[in-house]
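Me: I am new to this one. Please show me the sequence and the model, and then let me ask why things are called what they are called.

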Amino acid sequence: MTRHHTGQDAHSPTLKAQPMPTTYCAVVYAQGKQVARIHGREVAELEAQANRFIRRCRYADATYVVTAS
């Protein structure tokens with residue numbers, strides 16, 4: 001049986017790192033400060049949620065930024 005210098009069997013399966021699913025965060029700003037953070041996996045859904053939040057709270061000067069988290 002062949003062994004590597006790590007002492008593991010040459011035929012044993014190696015653990016592969018699973019890619020982390022990308023998550024996004026929409027940060028809503030109004031009146032010069034952060035007023036909400038919304039987390040999710042779909043940018044379009046976060047944009048829709050941020051817009052609903054802004055309409056519901058009636059912020060006249062609100063804006064949002066979506067970033068990967």
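**Names and cut-offs**

Me: Why is glutamine 31 called exposed?
Reply: Its relative accessible area is 54%. Exposed means over 50%, buried means under 20%, and partly exposed lies in between (1.4 Å probe, protein chains only). The value of 54% is over 50%, so glutamine 31 is exposed.

Me: What should I know about the model before going on?
Reply: This is a predicted model, where local features need pLDDT of at least 70 and side-chain atom pairs need pLDDT 80 or more, while totals for chains, interfaces and linings use all residues. Residues are numbered from 1 along each chain as its sequence is written, and side-chain values use heavy atoms, with hydrogens and water left out.

Me: Which elements does the protein chain have, and in what order?
Reply: There are 1 helix and 3 strands. From the N terminus the order is β-β-α-β. These elements are DSSP runs, numbered from the N terminus: helices are H or I with at least four residues, strands are E with at least two.

Me: Where is glutamine 31 found?
Reply: Glutamine 31 is in the loop between strand 1 and strand 2. These two strands form a hairpin with 2 residues between them.

Me: What makes the phi of glutamine 31 worth a remark?
Reply: It is near 55°, a positive value in a residue other than glycine. Most residues other than glycine have a negative phi. Arginine 58 also has a phi near 55°. Arginine 58 lies in the loop between helix 1 (43-57) and strand 3 (63-68).

Me: Is arginine 58 buried or exposed?
Reply: Exposed: its relative accessibility is 75%, and that is over the 50% mark.

Me: How do you know that strand 1 and strand 2 pair?
Reply: Two strands pair if DSSP finds at least two bridges between them. Strand 1 (residues 24-30) and strand 2 (residues 33-40) are joined by 7 bridges, so they pair. They run antiparallel. Tyrosine 24 has glycine 40 as its bridge partner in strand 2. Valine 28 stands opposite alanine 36.

Me: How many bridges join strand 1 to strand 3?
Reply: There are 6, and these strands run antiparallel too. That meets the minimum of two bridges, so strand 1 pairs with strand 3. Cysteine 25 has threonine 67 as its partner in strand 3.

Me: Why is strand 1 called mostly covered?
Reply: 5 of its 7 residues are buried. Over the whole protein chain, buried residues make up 16% of the 69 residues.

Me: Why is cysteine 25 called buried?
Reply: Its relative accessible area is 1%. That is under 20%, so cysteine 25 counts as buried. Cysteine 57, at 33%, falls between the two limits, so it is partly exposed.

Me: How many disulfides does the structure hold?
Reply: It holds 0. A disulfide needs a pair of cysteine sulfur atoms within 2.5 Å, so no pair here meets that limit.

Me: What makes phenylalanine 53 and tyrosine 59 an aromatic pair, and why is it called tilted?
Reply: The structure holds 1 aromatic pair. In it, the rings of phenylalanine 53 and tyrosine 59 are 6.4 Å apart centre to centre, with 35° between the planes. Rings of Phe, Tyr and Trp (its six-membered ring) pair if their centres lie within 6.5 Å; planes under 30 degrees apart are stacked, over 60 edge-to-face, and the rest tilted. The distance fits, and the angle falls between the two limits, so the pair is tilted. Phenylalanine 53 is buried at 17%, while tyrosine 59 is partly exposed at 23%.

Me: Which residues is valine 35 in contact with, leaving aside its neighbours within four places in sequence?
Reply: They are Val28, Tyr29, Ala30, Phe53 and Tyr59. Contact means heavy atoms within 4.5 Å. Valine 35 sits in strand 2. At 25% relative accessibility, valine 35 is partly exposed.

Me: How do you know that glutamate 45 and arginine 52 form a salt bridge?
Reply: A salt bridge is a side-chain nitrogen of Lys or Arg within 4 Å of a carboxyl oxygen of Asp or Glu. Here the N to O distance is 3.3 Å, so the two side chains qualify. The structure holds 1 salt bridge. Glutamate 45 is partly exposed at 38%, and arginine 52 is partly exposed at 37%.
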